[in-house]
Amino acid sequence: MASLEDVPSETIMSELLRRLRCSTKPDKRLILIGPPGSGKGTQSPIIKDEYCLCHLATGDMLRAAVSSKTPLGIKAKEAMDQGALVSDDLVVGIIDEAMKKPSCQKGFILDGFPRTVAQAEKLDEMLKKQGVKVDKVLNFAIDDAILEERITGRWIHPSSGRTYHTKFAPPKVPGVDDVTGEPLIQRKDDTAAVLKSRLQAFHSQTEPVINYYSKKGIVASLHAEKQPKDVTEEVQKVLSS
Ligand code: AP5
């Protein structure tokens with residue numbers, strides 16, 4: 001870790017101001033559920049900044065493990081390439097570990113987890129041990145027919161996770177990240193063929209999770225087919241109520 005003396009004063013000041021602003025925010029524990037391409041990853045950074053939460057995206061964590069060829073990544077790769085779900089034990093383990101990070105102190109946004117009822121039950125157990133519970137589940141409701149164009153047009157800056165779309169959110173220069181100027185990539189599972197399997201997994205294994213939380217009265221459904229800024233407005237309304 002760099003010595004504090006080597007960190008520029010503006011960086012320290014802006015971090016102090018951020019922490020001061022965050023100390024006035026209420027704790028929040030949120031789950032974002034929706035099919036591939038419904039906008040979970042697009043809205044998460046906005047919610048994260050507004051409420052000072054940590055953003056835990058199991059898909060991003062698994063892709064990082066695959067690209068660095070860790071034992072977890074080697075086990076997860078085949079299922080991910082085919083658009084199937086990775087085993088519950090693997091993802092529960094990574095979430096359990098990730099939630100202990102200091103950045104999760106004021107709560108978290110779970111993006112892509114839980115994806116099965118078994119994962120939801122495990123999460124409840126983990127949170128019960130900490131004496132806390134999920135506050136809200138945001139259901140990104142959208143028609144399947146809209147998703148192919150969103151998924152096949154998506155481009156990603158791998159190291160920051162910034163997401164672009166050739167039509168809906170194009171970078172300033174095609175194929176290049178706006179901030180770093182580094183090249184953008186497409187995800188291996190972002191093809192029309194793999195999307196079919198991902199949607200099948202969503203409808204059969206993840207939709208029951210929405211019912212699981214509906215019974216607890218904490219699900220808010222969003223119109224995820226709207227423009228990104230309109231979806232952000234809906235999210236803000238739900239979270240401030
Ligand atoms: P994961 O990475 O979680 O993928 P996903 O759920 O399929 O979600 P996406 O990242 O594809 O969609 P998104 O909703 O974030 O869309 P985005 O905002 O980027 O999972 C990948 C794989 O990992 C799984 O298949 C599985 O194998 C494994 N896995 C992960 N978690 C697991 C778990 N818990 N259990 C087991 N296995 C697990 O938007 C998409 C595009 O649309 C972007 O280009 C964006 O710019 C654009 N866009 C966004 N919003 C709008 C809008 N409102 N209007 C127009 N365009 C928009």
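1. Let me start inside. The largest cavity has a lining made of Gln43, Ile46, Ile47, Glu50, Tyr51, Thr232, Val235, Gln236 and Leu239. Two elements, α2 (40–51) and α9 (228–240), each give two or more residues to that lining. The top contributor is α2, with five residues. Keep in mind that we're looking at a predicted model here.

2. On the size and character of that cavity: the space in it comes to about 50 Å³. The structure has one cavity of 30 Å³ or more. By type, the lining residues split into five nonpolar, three polar and one charged.

3. Now the charged pairs. I see 17 salt bridges listed for the structure. The one I'd look at is between Arg154 and Asp190, whose side chains meet at 2.9 Å, N to O. This pair ties together distant parts of the chain: Arg154 sits in strand β5 (residues 154–156), while Asp190 is in the loop between β6 (163–165) and α8 (192–214), 36 residues apart.

4. Are the two partners of that bridge buried or exposed? Arg154 has a relative accessible area of 14%, so it counts as buried, the cut-off being under 20%. Asp190 is buried too, at 6% relative accessibility. The pair doesn't stand alone, either: salt bridges with shared partners join Arg154, Arg187, Asp189, Asp190 and Arg198 into one network.

5. Then there's a pair within one helix. Arg19 and Glu15 form a salt bridge, with 2.7 Å between the closest N and O atoms. Both belong to helix α1 and are four residues apart, so about one helical turn separates them. Arg19 is exposed, at 53% relative accessible area, whereas Glu15 is partly exposed, at 29%.

6. Helix α4 (residues 71–82) holds another such pair: Lys77 and Asp81 lie four residues apart, about one turn of the helix. Their salt bridge has its closest N and O atoms 2.7 Å apart. Lys77 is partly exposed, with a relative accessible area of 34%, and Asp81 is also partly exposed, at 27%.

7. Last, the outside. Which residues make the nonpolar surface patch of about 400 Å²? They are Leu4, Ile12, Met13 and Leu16. Leu4 is placed in the segment before α1 (9–23). With a relative accessible area of 66%, Leu4 is exposed, and because patch residues need over 30% relative accessible area, Leu4 clears that cut-off.

Notes
Residues are numbered from 1 along each chain as its sequence is written. This is a predicted model: local features need pLDDT of at least 70, side-chain atom pairs count only at pLDDT 80 or more; totals for chains, interfaces and linings use all residues. Side-chain values use heavy atoms; hydrogens and water are left out. Patches are made of residues with over 30% relative accessible area and no salt bridge: like charges are joined within 9 Å, nonpolar side chains (Val, Leu, Ile, Met, Phe, Trp, Tyr) within 5 Å. Accessible areas come from the Shrake-Rupley method with a 1.4 Å probe; for residues, only the protein chains shown count as cover. A salt bridge is a side-chain nitrogen of Lys or Arg within 4 Å of a carboxyl oxygen of Asp or Glu. Buried means under 20% relative accessible area, exposed over 50%, partly exposed in between (1.4 Å probe, protein chains only). On a 1 Å grid over the protein atoms alone, a cavity is a set of points where a 1.4 Å probe fits but cannot get out, and a pocket is an open set with protein on both sides within 12 Å along at least five of seven lines; lining residues have an atom within 4 Å of a point. Grid points are joined across faces, edges and corners, and a volume is the space filled by probe spheres set on the points. Ala, Val, Leu, Ile, Met, Phe, Trp, Tyr, Cys and Pro count as nonpolar, Asp, Glu, Lys and Arg as charged, and the others, Gly among them, as polar.
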